[in-house]
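Good morning, and thank you for coming. Please look at the structure as it appears, and keep it in view while I speak.

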Amino acid sequence: MQFHHHGYVSHDPRLSPAAGVGLDRPDELPEEVDVLIVGTGPAGMILGAQLSQFPDITTRIVERRDGRLAIGQADGIQARSVETFQAFGFAERIISEAYRITQMNFWSPDPADPTSIIRTARTEDDPAGISEFPHLIVNQARVLDYFAEVMANSPSRMTPDYGLEFERLDVADDGEFPVTVTLRHSAGSHSGQVRTVRAKYVVGCDGARSAVRESIGRALVGDQAFHAWAVMDVLAVTDFPDIRTKCAIQSHKGSILHIPREGGYLFRMYVDLGEVRSDDRGAVRTTTVEAAVAKANEILHPYTLDVKDVAWYSVYEVGHRVTDKFDDVPEGEERTPRVFIAGDACHTHSAKAGQGMNVSMQDGFNLGWKLAHVISGRSPESLLATYSAERQVIAQNLIDFDKQWSSLMAARPEDVEDPAALGEFYVRTQEFPAGFMTQYAPSMLIGDGAHQSLATGFPVGKRFKSAPVARVADGNPVHLGHHHRADGRWRLYAFADAPAPGEASAVADWAQWLASSPDSPVLTYTPAATDPDSVFDVKVVYQQRHVDVDLGRVPGMFLPRVGPFGLIDYEKVYATDNTADIFDLRGIDRNTGCVVVVRPDQYVAAVLPLTDTEALAAHFAPIMRPVTAAGAAAVEQPA
């Protein structure tokens with residue numbers, strides 16, 4: 001974590017100095033806002049946390065509840081989400097309070113006594129090392145708390161506006177604030193009163209029954225599986241030996257997905273209630289918790305479950321639905337989207353794959369920096385069309401995966417040819433539920449991968465997979481990707497060719513071009529009044545060990561002067577780690593090196609040769625708006 005570059009800091013360094021709208025933030029919701037977010041679920045809160053980093057953008061988030069969520073329904077946190085938490089600065093803290101999943105056990109009927117269950121398999125949660133981050137279980141409410149803290153500590157001092165319920169919206173053809181939103185006070189002294197707010201953009205993160213979605217004429221389309229599950233968070237005494245291990249349990253009486261919760265005692269059980277008749281009309285949802293506990297005991301035989309306390313209980317029917325678009329632009333029409341939907345507002349599915357909260361947060365992360373770049377003038381409005389284009393495909397992939405997983409979970413043992421099928425599917429597809437199967441297609445943001453061979457371990461369109469490196473200035477081992485903060489900046493990672501700093505090399509020529517050429521993205525798109533790394537965070541990784549890299553011979557592009565005192569940032573120059581060489585781990589060409597371009601939301605946008613500066617300039621031309629020549633930031637070169 002870096003601080004002090006604007007002067008000595010003695011307070012919590014996570015608390016940024018107030019700036020922009022945070023200097024005199026009104027308590028009451030303004031009549032005009034840049035972005036109005038509806039709903040404080042995972043999608044809404046990560047979106048708010050991202051936008052809160054831009055103090056010149058007026059963002060407000062409204063919620064019909066009168067305060068924070070106390071008990072959340074979602075609890076599974078996949079490794080990709082923990083990577084994202086690292087970008088927002090709270091991964092370590094949430095890991096310390098969460099339950100960590102290291103394995104999943106599978107239980108099936110005992111061939112010698114089919115009325116009883118036995119453990120049939122133990123599987124490691126991440127045997128392939130997909131991520132250095134863990135798979136966690138923690139209450140959704142705590143995730144929202146952490147994002148609320150990020151917002152409150154941001155320069156914009158953002159906090160949710162509770163007690164306001166969305167009623168409708170209207171979008172005008174023109175005007176600076178074309179979306180008029182009608183809200184009703186649902187709590188507090190103004191309860192029942194109606195008010196309107198005008199916004200440049202509105203994002204509906206208001207759940208599966210989204211009123212924002214309805215207002216723009218979108219609908220969830222899909223099917224119902226006609227299968228019901230009871231879900232309960234309980235404190236209980238049991239002789240089931242794997243009570244503190246994630247388990248998939250299949251018996252002739254039904255199935256259970258068992259998930260230990262944080263804190264050491266609480267656990268969650270999804271209990272199979274069986275097929276639902278087409279004319280049930282919701283009757284299955286009246287199943288009592290006592291009936292669900294009795295059903296769980298039948299499934300667990302010969303083990304018993306004595307429930308002492310129920311923290312939360314619900315019954316749901318499995319459905320798989322997704323909207324055809326995630327914005328308000330009609331099919332075939334070309335205009336700037338003004339209203340977006342995210343999270344459960346545009347995709348619903350079963351809870352057993354643990355994807356709802358995780359995919360919803362990636363919706364918000366994808367959209368947040370794009371809105372910020374457009375509103376701040378960094379990017380053209382055409383950037384906003386990429387949100388629906390990218391995320392709708394991911395949502396459909398999720399629906400397809402969940403249909404397979406939930407069907408396998410609900411299958412009766414007598415109908416399954418191979419008892420090991422569920423466990424094998426879990427292992428074979430683990431990259432998807434971990435959040436790492438996402439790969440965005442070529443677009444204005446994503447290159448065509450023509451030079452993928454230069455860095456085979458950084459697939460274009462997939463998230464940047466971090467690896468260990470050594471920081472040259474002090475020899476500290478760090479994970480390269482862990483310095484990627486959710487600050488809206490692009491990352492340019494220069495992986496050097498073989499020569500050492502000071503010798504003629506492709507990386508030295510590339511750095512010189514980036515610092516001095518009129519075609520350089522850094523000079524073209526960075527305002528003069530800001531630090532030279534305010535738009536592009538440029539880092540270099542040398543092939544040598546850190547003791548063999550002379551900082552005095554490193555190009556100035558990699559040692560930028562920042563803050564009012566022009567202090568040198570020493571955390572952009574890296575070398576190979578003594579125990580794990582990033583060039584080997586990520587298949588980087590040692591002869592030529594390469595440039596890896598990474599989006600603000602951590603996805604690889606391009607892999608390019610160091611020598612092809614024209615391709616780098618061309619990549620950003622449709623994405624960003626140039627500042628004036630007089631407004632470009634200067635990059636100071638070493639003497």
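Which elements cover the buried residues of H1? Before I answer, please note that this is a predicted model. The cover of the buried residues of H1 includes strand S1 (32-38), strand S2 (59-63) and strand S11 (194-204), and it also includes helix H2 (79-88), helix H4 (140-153) and H7. H1 itself is mostly covered, with ten of its ten residues buried. Among them are Pro42, Met45, Ile46, Leu47 and Gln50.

Let us take the helices in pairs. Two packed helices are described by the angle between their axes and by the distance between the axes. Helix H1, residues 42-51, packs against helix H7, residues 356-375, at an angle of about 30 degrees. Their axes are 7 Å apart. Angles under 35 degrees count as roughly parallel, and H1 and H7 are therefore roughly parallel to each other. Their crossing is right-handed. On the H1 side, the contact is made by Pro42, Ala43, Ile46, Leu47, Gln50 and Leu51. On the H7 side, the residues include Met357, Met361, Gly364, Phe365, Trp369 and Ala372.

H7 has a second pairing to consider, this one with H2. The axes of H2 and H7 come within 10 Å and cross at roughly 40 degrees. That angle makes H2 oblique to H7. The crossing of H2 and H7 is left-handed. Here H2 contributes Arg80, Ser81, Thr84, Phe85 and Phe88, while H7 contributes Asn358, Met361, Gln362 and Phe365. Met361 and Phe365 of H7 thus appear in the contact with H1 and also in the contact with H2.

I turn now to charged side chains. Side chains of opposite charge can pair when their charged atoms come close. How many salt bridges does a search of the whole structure find? The search finds 42 salt bridges. I shall describe three pairs and one network.

In the first pair I have chosen, glutamate 167 forms a salt bridge with arginine 184, and the closest N and O atoms are 2.5 Å apart. This pair links distant parts of the chain: glutamate 167 lies in strand S9 (residues 164-171) and arginine 184 in strand S10 (residues 179-185), 17 residues apart. Are these two residues buried, partly exposed or exposed? Glutamate 167 is partly exposed, at a relative accessible area of 32%, and arginine 184 is also partly exposed, at 31%.

The next pair is arginine 218 with aspartate 324, where the closest N and O atoms are 3.3 Å apart. These residues are 106 residues apart in the chain. Arginine 218 is in the loop between helix H5 (211-215) and strand S12 (221-238), and aspartate 324 is in the loop between strand S16 (305-322) and strand S17 (339-341). Arginine 218 counts as buried, at 12% relative accessibility, whereas aspartate 324 counts as partly exposed, at 48%.

In another pair, lysine 325 forms a salt bridge with aspartate 327, with the closest N and O atoms 3.4 Å apart. Lysine 325 is buried, at a relative accessible area of 16%, and aspartate 327 is buried too, at 2%. Beyond single pairs, salt bridges that share partners join Asp487, Arg489, Arg491, Asp533, Asp537, Lys539, Asp569 and Lys572 into one network.

Finally, let us consider the later part of the chain. The UniProt annotation, from an unreviewed entry, reads "domain: Phenol hydroxylase-like C-terminal dimerisation" and covers residues 438-626. Over residues 438-626 the chain is 15% helix and 20% strand, and the end C-alpha atoms are 30 Å apart.

Two residues here deserve a look. Valine 598 is found in strand S26 (residues 594-598) and is buried, with a relative accessible area of 0%. Apart from neighbours within four places in sequence, valine 598 is in contact with Phe464, His484, Trp490, Arg491, Tyr493, Tyr603, Val604 and Ala605. Arg491 is also a member of the salt-bridge network.

Glutamate 571 is found in the loop between strand S24 (567-568) and strand S25 (573-576). At 17% relative accessibility, glutamate 571 counts as buried. Which residues does glutamate 571 contact, leaving aside neighbours within four places in sequence? They are Gln2, Arg471, His483 and Lys539. Lys539, in turn, belongs to the salt-bridge network.

Thank you for your attention.

Definitions and conventions: Residues are numbered from 1 along each chain as its sequence is written. This is a predicted model: local features need pLDDT of at least 70, side-chain atom pairs count only at pLDDT 80 or more; totals for chains, interfaces and linings use all residues. Side-chain values use heavy atoms; hydrogens and water are left out. A salt bridge is a side-chain nitrogen of Lys or Arg within 4 Å of a carboxyl oxygen of Asp or Glu. Helices (H or I, at least four residues) and strands (E, at least two) are DSSP runs, numbered from the N terminus. Buried means under 20% relative accessible area, exposed over 50%, partly exposed in between (1.4 Å probe, protein chains only). UniProt positions are given in the numbering used here, feature names are shortened, and annotations may be inferred rather than shown by experiment. Contact means heavy atoms within 4.5 Å. Axes are lines fitted to C-alpha atoms, for helices over the stretch in contact, and angles run from 0 to 180 degrees between N-to-C directions. Angles under 35 degrees count as roughly parallel, over 145 as roughly antiparallel, 65 to 115 as roughly perpendicular and the rest as oblique. A crossing is left-handed if the near helix is turned anticlockwise from the far one by less than a right angle, and right-handed if clockwise.
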